[in-house]
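Here is a friendly walk through one protein model. Have a look at it first, then read on.

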Amino acid sequence: GRLAVIGMGYIGLPTATVLATRGIQVVGVDVNPRIVDAISRGEAPFIEPDLQVAVSGAVAMGRLSMSREMPEADAYIIAVPTPFNPDHTADLSYVQAAAEQVAAKLQPGNIVVLESTSPPGTTEKVSQWIGAVRPDLKMPHVVGSNADIFVAHCPERVLPGRIMIEMITNNRVVGGLTTACAIKAASIYRVFSQGEILLTDAASAEMAKLVENAYRDVNIAFANELSLITESLRLDVWEVIKLANQHPRVNVLSPGPGVGGHCIPVDPWFIVAAAPDLAKLIRTAREVNDHKPHHVAEQVINKARRFRSPAIACLGLTFKANVDDIRESPAVEVVGLIAGALPEVEIMVADPYVPELPKELQSNANLRLVNAGEAVDAADIIVLLVEHDAFKALRHTRHNGKVVYDTRGAWA
Ligand code: SAJ
């Protein structure tokens, strides 16, 4: 059968590519003509280990093609973004638009799988949105096991930087609006997954995914709160965590300049929105992590005030090490806060994965993108914001009288 993947981003493209590589005829759908053109030429539009070779192979074999229009297919996987609104509720407009476009093409027996991380109840809404466009179809949210369209949720859980490996090896949760929906969806993932495929209902699958990322957020918040406490006590947080982690049942994560990426800073809010009076710890963790970039910027600004005309080097802009993704990056936020507070100070920024200053920083006239070696040589104050492998080699520079603020413990 033919399969369409809607949304050629960090999840949709690798999923489409892996399916195509296993012999499925896959059409990738995206609204962005630049992305469609790049992939059509066999080029991955973002950096992810092993993705480029897989994309060019799948396109060259004729298994993976691109379209800006919704094609006819037997199975549809929706992998579009679910950002949040200013009030922290989910913005489901991309999911709804995708569902409605899919609806126009559906034939009895087809399956629609939602992969986008979504609040509880979204898979059922997908079925409702489809039913509204196609009253002729028997949808599972109305007729249950008598439905002629299958609707399921299979949340992605791959780690950026390891997507192509984890896509194959991770266990998958597949939640159906009915048991038949879950079984049908599982058959798609069996094509390439070597992990276990766990069948459940759609809402439990939705919640399980949110719980995974909220769990990580809460644990990082614990580490970030510790870093503030140890700083006030003049203790080295890395030393304290290293010692505590010697306990067989303790595994404190690493503090950093904040929590970024498109998932962990977003998903816990969907739980908070679903149970605002109960989700106290989850909300506080979000607040602790969101506050961390402000704290880091404030520390740097205070250090800078001790110099007459300091040169500041900020190393790293991406949301984490060894990726080129700057979405929700705490490093970008820190740099913006420092640059805004010290308009007369020259600030050098270096990141081997970022070829030009991000849009949100371009209005700061005191920012300059340079290479890391140059930045470190010229700086009085070095702020390490991302522990890229390329920066670890610059560790020795802390010995020549400069102020070093290592937010990641990369040089600890
Ligand atoms: N971070 C820390 N300290 C740590 C670990 C991470 O400050 O000890 C920071 C990172 O620097 C980054 C942020 O947290 O800014 C998130 O990074 P991450 O590596 O924890 O996670 P992501 O966003 O790359 O991917 C997560 C993963 N979820 C979990 O590990 C539970 C991934 O498996 C999910 O598929 C992904 O979210 C997603 O798309 O939901």
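## Two helices that cross

The crossing of H11 and H12 is left-handed, a label used when the near helix is turned anticlockwise from the far one by less than a right angle, with clockwise giving right-handed. This is a predicted model, in which local features need pLDDT of at least 70, side-chain atom pairs count only at pLDDT 80 or more, and totals for chains, interfaces and linings use all residues. Residues are numbered from 1 along each chain as its sequence is written. Helices (H or I, at least four residues) and strands (E, at least two) are DSSP runs, numbered from the N terminus.

H11 and H12 pack at about 140 degrees, with 9 Å between their axes. Those axes are lines fitted to C-alpha atoms, for helices over the stretch in contact, and angles run from 0 to 180 degrees between N-to-C directions. On the H11 side, Pro268, Trp269, Ile271 and Val272 meet Ile282, Arg283, Ala285 and Arg286 of H12; contact here means C-beta atoms, placed from the backbone, within 7 Å. By class, that makes six nonpolar, no polar and two charged residues. Ala, Val, Leu, Ile, Met, Phe, Trp, Tyr, Cys and Pro count as nonpolar, Asp, Glu, Lys and Arg as charged, and the others, Gly among them, as polar.

Within H11 (residues 267-274), Asp267, Pro268, Trp269, Phe270 and Ile271 are buried. Buried means 20 or more other C-beta atoms within 10 Å of a residue's own, exposed means 12 or fewer, and partly exposed is in between, with C-beta atoms placed from the backbone. Helix H9 (202-232) and helix H12 (280-304) are among what covers those buried residues.

## A proline that reaches H11

Proline 119 sits in the loop between strand S5 (111-114) and helix H5 (122-133). Is it buried or exposed? Proline 119 is buried, with 21 other C-beta atoms within 10 Å. Its C-alpha atom is 8.2 Å from that of aspartate 267, although the two are 148 residues apart along the chain. Leaving aside neighbours within four places in sequence, proline 119 touches Ala90, Glu206, Phe270, Ala273 and Ala274.

## Strands and loops

An open sheet of eight strands runs in the order S3-S2-S1-S4-S5-S6-S7-S8, with mixed pairing; strands pair if DSSP finds at least two bridges between them. Strand S3 (64-67) and strand S8 (197-201) are at the edges with a single partner strand each, so one side of each has no neighbour in the sheet. From one strand to the next, the twist averages 25 degrees. Helix H1 (residues 12-21) lies across S1, S2, S3 and strand S4 (75-78), at about 165 degrees to S2.

Two parallel pairs are set out here:

| Strand pair | Bridges | One bridge pair |
|---|---|---|
| S1 (residues 2-6) and S2 (residues 25-29) | Five | alanine 4 and valine 27 |
| S9 (residues 311-315) and S10 (residues 346-350) | Five | cysteine 314 and valine 349 |

Four of the five residues of S9 are buried, so the strand is largely enclosed by the rest of the structure.

Histidine 88 lies in the loop between S4 and helix H4 (93-103). It has a positive phi of about 75 degrees although it is not a glycine. Histidine 88 counts as partly exposed, with 15 C-beta neighbours inside 10 Å.

Definitions and conventions:
Contact = placed C-beta atoms within 7 Å.
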